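Biologist: I've got a few "how do you know" questions about this one. Can we look at it together?

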Amino acid sequence: MQVEYSHLLAYPRERVWQLLLDPEVLSRLLPGVEKFETKGPDKYAVVMKLGVPSVKGMYTGSVEIVDKNEPSSYRLRGEGKGTPGWAKGEAHMTLVEEGGNTRVIAKGQAQVGGTIAGVGQRMMEGVAKAMAREFFESVERELQGQRQQVTTVRFGFRIILIMLRNFFDWLFGKRRPQNTRG
């Protein structure tokens, strides 16, 4: 599965770079993180509690930041295992200056196995994009000085709404209401 997500932040690139690589901030902003422990330079042990209606569980694994090119790009590699299955993946994060703002482009690929793989490609891509959207909206609030903790409950509720919207879009062929004139 491959996913790409882009988000424009109204802050200088250096400030966004520092926030995106701050372990304390990441531990609060990544959806479902229960534990985010430093194991070495740019290496972390993680425990995440994630779920969608049909597959929920606790995952343990690791995350590492590699190929840093400050302040423009880095790779984030991770893997995890849990009762619902396993996942491993990599995201290439690029920070591009746009007139005093910063566009963050995340290009990721992941492999999943076990029960979680049975959820289906379409749903997994939707969940990945929802996680990215939730994360970058949280980053934006953090940059505005609104310190917060992303909760699994709030994130789970948003995932359910997104899945319902995607299902109805699929069911009705993404039709939009037509204007009628009488």
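Modeller: Sure, and keep in mind that the model is predicted. A good place to start is the side chain of T102, which comes to 2.9 Å from the backbone nitrogen of R13.

Biologist: What makes that T102 to R13 approach a polar contact?

Modeller: The cut-off for a pair of N or O atoms is 3.5 Å, and T102 reaches the R13 backbone nitrogen at 2.9 Å, so the pair counts.

Biologist: Why is T102 called buried?

Modeller: Its relative accessible area is 0%. Buried means under 20%, so T102 qualifies. Beyond four places in sequence, T102 touches residues including H7, L8, Y11, P12, V16 and L95.

Biologist: Where does T102 sit, and what stands opposite?

Modeller: T102 is in strand β7, residues 101-113, and E97 stands opposite T102.

Biologist: How do you know that β7 pairs with β6 and with β1?

Modeller: Pairing takes at least two bridges. Strand β6 (residues 85-98) is joined to β7 by 13 bridges, antiparallel, and β1 (residues 2-9) pairs with β7 over eight, also antiparallel, so both pass. One of the β1 residues, V3, has G108 as its bridge partner in β7.

Biologist: And what is at the turn of the β6 and β7 hairpin?

Modeller: Two residues lie between the strands, and G99 takes a positive phi near 55°.

Biologist: Which elements have the highest and lowest mean pLDDT?

Modeller: Helix α1 (residues 13-20) is highest at 94, while helix α4 (residues 152-171) is lowest at 55. The chain averages 78. Over residues 175-182 pLDDT stays under 50, with zero contacts beyond four places in sequence.

Conventions: Residues are numbered from 1 along each chain as its sequence is written. This is a predicted model: local features need pLDDT of at least 70, side-chain atom pairs count only at pLDDT 80 or more; totals for chains, interfaces and linings use all residues. Side-chain values use heavy atoms; hydrogens and water are left out. Helices (H or I, at least four residues) and strands (E, at least two) are DSSP runs, numbered from the N terminus. Buried means under 20% relative accessible area, exposed over 50%, partly exposed in between (1.4 Å probe, protein chains only). A polar contact is a pair of N or O atoms within 3.5 Å; within protein, one must be able to donate a hydrogen and the other to accept it, and residues adjacent in sequence count only if both atoms are side-chain atoms. Contact means heavy atoms within 4.5 Å. pLDDT is the predictor's confidence in each residue, from 0 to 100.
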